[in-house]
Amino acid sequence: MILDDILKILKKRLSDKAYTLDNESYSYKQLYKFVCNIYHFLLKENKEKRPVVVYGHKEIYMKASFIACSLAGMTYIPIDESIPNSRVEQIIKQVNPLLSIGKNISKEKIYEIMNEENYSEIHNIYLKPDDIYYIIFTSGSTGVPKGVKVTYKNLDSCIEWLKNITKIDKGVIINQANFSFDLSVADLYLSLVSQSEHFIISNDTMLDFNKIFEQLNKSNANFMVATPSFVDLLLLDKSFNSKLMPNLHTILFCGEKLLKTTVNKLYSRFNDIKIINSYGPTECTFAVTSYEINNYMDNDENIPVGVTKKDVNIYIIDENRNVVEEGKIGEILITGESVSDGYLGDIQKSSFIQYDGVKAYLTGDLGYIKNGVLYYKERKDKQIKFKGYRIELTDIENNIRKLNYIDKVIAVANKNKDNKVINIVAFVILKENINKSELEIRYDLKKKIPEYMCPKIKIVSSFPLNNNGKCDEKKLLEEF
Amino acid sequence: MEEKIIEIIINLTGFTELKENKDIDLLENEILDSLAFLELITALEEKFNVEIQPTQVNPNIWRSVEKIAELIEGIK
């Protein structure tokens with residue numbers, strides 16, 4: 001399984017680059033030392049093998065800790081620094097870890113531990129196939145984040161599949177997403193099993209085009225894992241082309257709907273590029289379908305999300321959970337090796353069901369199958385995708401309600417003509433005699449939810465109602 | 001020019017306070033995030049028939065309406 005492969009590669013102690021962040025690179029040899037030191041520290045200090053929180057922003061200790069936890073038989077929980085403290089606390093409360101690297105084991109301490117020159121080797125891999133490999137927290141509709149438990153078997157199946165569809169070997173892989181977003185799982189592990197360099201774009205370079213472009217050029221990357229939103233941003237500048245990245249041969253997209261305009265712009269800038277679109281919820285381990293594009297797309301059809309990996313089945317079902325006719329729209333149901341172990345605690349278990357005698361996940365996504373290929377349509381509930389992140393609008397609403405001066409709130413996604421969310425607007429009604437500006441409310445809210453979830457705030461005096469007596473969201477947006 | 005830019009930004013972000021206070025720092029106050037930025041550049045290119053290369057632009061320009069207006073004037 002992948003941990004055997006990873007350990008084998010690490011033990012070669014190659015001087016090849018394994019990880020590059022902000023102009024600093026670490027070799028496979030160094031990475032092995034870091035992993036060994038953390039592994040032995042964990043075995044000594046966390047004898048009960050309780051889950052380990054790993055907190056920070058893309059620093060090398062994060063990746064080294066992930067590998068060390070897994071080899072030592074411990075589940076890890078990645079938390080990015082951009083997540084506000086109150087939300088981090090909610091996560092830590094649910095996990096109840098003994099060790100939180102980057103928190104109760106400070107960054108200084110972990111660097112000291114991992115840099116120890118006299119280190120013992122790793123001889124045993126403690127994680128078993130059914131053990132939980134990682135828990136990634138996503139937006140929960142109640143306002144409290146929910147943890148998805150992904151097993152070693154789930155991840156192993158995912159990475160084997162990605163290896164087959166991407167065929168990357170000893171390359172350079174660009175990372176865009178932070179590690180608490182499961183998009184990063186693809187580049188974290190593909191880079192290791194393919195003995196590639198993992199080239200990290202850190203958050204603070206994100207809006208500085210000169211810095212990002214300089215990094216992209218320096219990377220000499222041939223492979224990139226990205227959300228369509230990120231690539232759209234890069235495409236704004238004409239110099240994002242094969243001159244800037246002469247070796248780029250594959251982009252793996254996941255996280256949100258890929259549009260034809262993005263694909264066609266890419267082909268006008270890069271002559272010989274392979275684009276892979278993919279689809280899957282965090283609950284089904286990164287992704288379960290893929291679709292390879294090798295040229296301009298000129299027909300009117302949507303871009304498919306593709307064909308399923310071979311150990312997974314997808315069914316399109318109606319409200320009574322009967323399979324619908326081919327071409328008809330229904331809810332996407334997933335069974336097979338990618339379906340994770342459910343949520344931490346006992347929240348919303350209703351989406352994990354038994355179907356035809358096997359474990360299945362009801363995605364809440366609507367889609368259809370045509371000629372054996374899956375197409376994604378839209379959500380059936382108030383969950384949205386924004387900048388590739390998955391967000392429950394009710395999560396935002398519930399957190400705004402916690403501000404004691406708010407009377408009523410409704411969060412609405414504002415979409416452009418391609419049905420892509422361009423911003424989220426929260427319409428609020430303040431309690432009587434409260435004087436707060438929209439910016440002040442946003443500032444208060446930022447202490448509760450991550451920045452990417454923070455909506456634009458619009459103070460209104462009442463909500464317009466539609467014929468059914470419900471709040472008319474369309475009308476609200478029009479007035480906005 | 002500035003009024004047209006203000007109108008575009010309000011359309012994208014819903015930040016109506018910009019009308020009264022056009023000197024507000026668009027980045028500091030997170031009025032422009034990466035997605036609004038993407039839409040803003042596309043809108044400016046369409047409205048003023050110019051081509052904007054973000055790598056050729058000092059990132060601080062995106063802080064104020066006045067500087068954005070100067071940038072467009074310069075390209076035109």
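**Exercise 1. Two packed helices**

Task: In this predicted model, at what angle do H1(A) and H2(A) pack, and which residues meet?

Solution.
- Step 1: Begin with the axes. Those of H1(A) and H2(A) are 8 Å apart, and the helices pack at an angle of about 120°.
- Step 2: Now look for the residues. From H1(A) come A:Ile9, A:Leu10 and A:Lys11, which meet A:Tyr28, A:Leu31, A:Tyr32 and A:Val35 in H2(A).
- Step 3: Sort this contact by class. The contact of H1(A) with H2(A) has six nonpolar residues, no polar ones and one charged one.

**Exercise 2. Checking the length of a helix**

Task: What span should helix H2 (residues 28-45) of chain A have, and which elements do its buried residues pack against?

Solution.
- Step 1: Each residue contributes 1.5 Å, and the span is counted over one less than the number of residues. For the 18 residues of H2(A), this gives 26 Å.
- Step 2: Compare with the model. The end C-alpha atoms of H2(A) are 25 Å apart, which agrees with the expected span.
- Step 3: Find the buried residues. Among them are A:Tyr28, A:Leu31, A:Phe34, A:Val35, A:Ile38 and A:Leu42.
- Step 4: Recall a rule about helices. An α-helix has 3.6 residues a turn, so residues three or four places apart point the same way.
- Step 5: Look at the surroundings. The buried residues of H2(A) pack against helices H1 (2-11), H3 (60-71) and H5 (107-114) and against strands S1 (17-21), S2 (24-27) and S3 (52-56) of chain A.

**Exercise 3. Reading a sheet**

Task: What is the strand order of the open sheet of three strands in chain A, and which strands stand at the edges?

Solution.
- Step 1: The order is S22-S23-S24 (chain A), and the pairing is mixed.
- Step 2: Strand S22 (406-415) and strand S24 (456-459) of chain A each have a single partner strand, so they stand at the edges and one side of each has no neighbour in the sheet.
- Step 3: From one strand to the next, the twist averages 25°.
- Step 4: Take one pair of strands. S22(A) and strand S23 (residues 421-430) of chain A run antiparallel and are joined by nine bridges. A:Ala413 stands opposite A:Ile424 in S23(A).
- Step 5: Add the helix. Helix H11 (residues 393-401) of chain A lies across S22 and S23 of chain A, at about 150° to S22(A).

**Exercise 4. Enclosed elements**

Task: How many residues of helix H7 (residues 183-193) and of strand S16 (residues 330-336) of chain A are buried?

Solution.
- Step 1: In H7(A), ten of the eleven residues are buried, so the helix is largely enclosed by the rest of the structure. Just after H7(A), A:Gln195 takes a positive phi of about 55°.
- Step 2: In S16(A), six of the seven residues are buried, so the strand is largely enclosed by the rest of the structure.
- Step 3: Now find the partners of S16(A). Strand S15 (residues 312-317) of chain A is joined to S16(A) by six bridges and runs antiparallel to it. Here A:Ile316 stands opposite A:Ile332.
- Step 4: S16(A) also pairs with strand S18 (residues 358-370) of chain A, in the antiparallel sense over five bridges. In this pairing A:Ile334 stands opposite A:Tyr361.

**Exercise 5. A residue in a loop**

Task: Is A:Thr285 buried or exposed, and which residues does A:Thr285 touch?

Solution.
- Step 1: Place the residue. A:Thr285 lies in the loop between strand S12 (274-279) and strand S13 (289-293) of chain A.
- Step 2: Count the C-beta atoms. A residue is buried if 20 or more others lie within 10 Å. A:Thr285 has 30 within that distance, so A:Thr285 is buried.
- Step 3: List the contacts. Leaving out residues up to four places away in sequence, A:Thr285 touches A:Val150, A:Asn154, A:Leu155, A:Cys158, A:Ser338 and A:Ser340.

**Exercise 6. Domains and chains**

Task: How many residues do the two domains of chain A bring to their contact, and how many residues of chain B are in contact with chain A?

Solution.
- Step 1: Chain A is divided into domain 1 (2-293) and domain 2 (383-479). Their centres are 32 Å apart.
- Step 2: Domain 1 of chain A brings 19 residues to the contact, and domain 2 of chain A brings 20.
- Step 3: Turn to the two chains. 16 residues of chain B are in contact with 22 residues of chain A.
- Step 4: Helix H2 (residues 34-48) of chain B gives the largest share of chain B's side, seven residues. By class, that side has eight nonpolar, six polar and two charged residues.

Note on methods. Residues numbered from 1 in each chain as written. Chains lettered and ligands numbered in written order. Predicted model: local features only at pLDDT ≥ 70, side-chain atom pairs only at ≥ 80, totals over all residues. Contact = placed C-beta atoms within 7 Å. Helix = DSSP H or I, 4+ residues; strand = E, 2+ residues; numbered from the N terminus. Nonpolar A, V, L, I, M, F, W, Y, C, P; charged D, E, K, R; others polar. Domains from an automatic or database assignment. Buried ≥ 20, exposed ≤ 12 C-beta atoms within 10 Å, placed from the backbone. Pairing = 2+ DSSP bridges. Axes fitted to C-alpha atoms, helices over the stretch in contact; angles between N-to-C directions.
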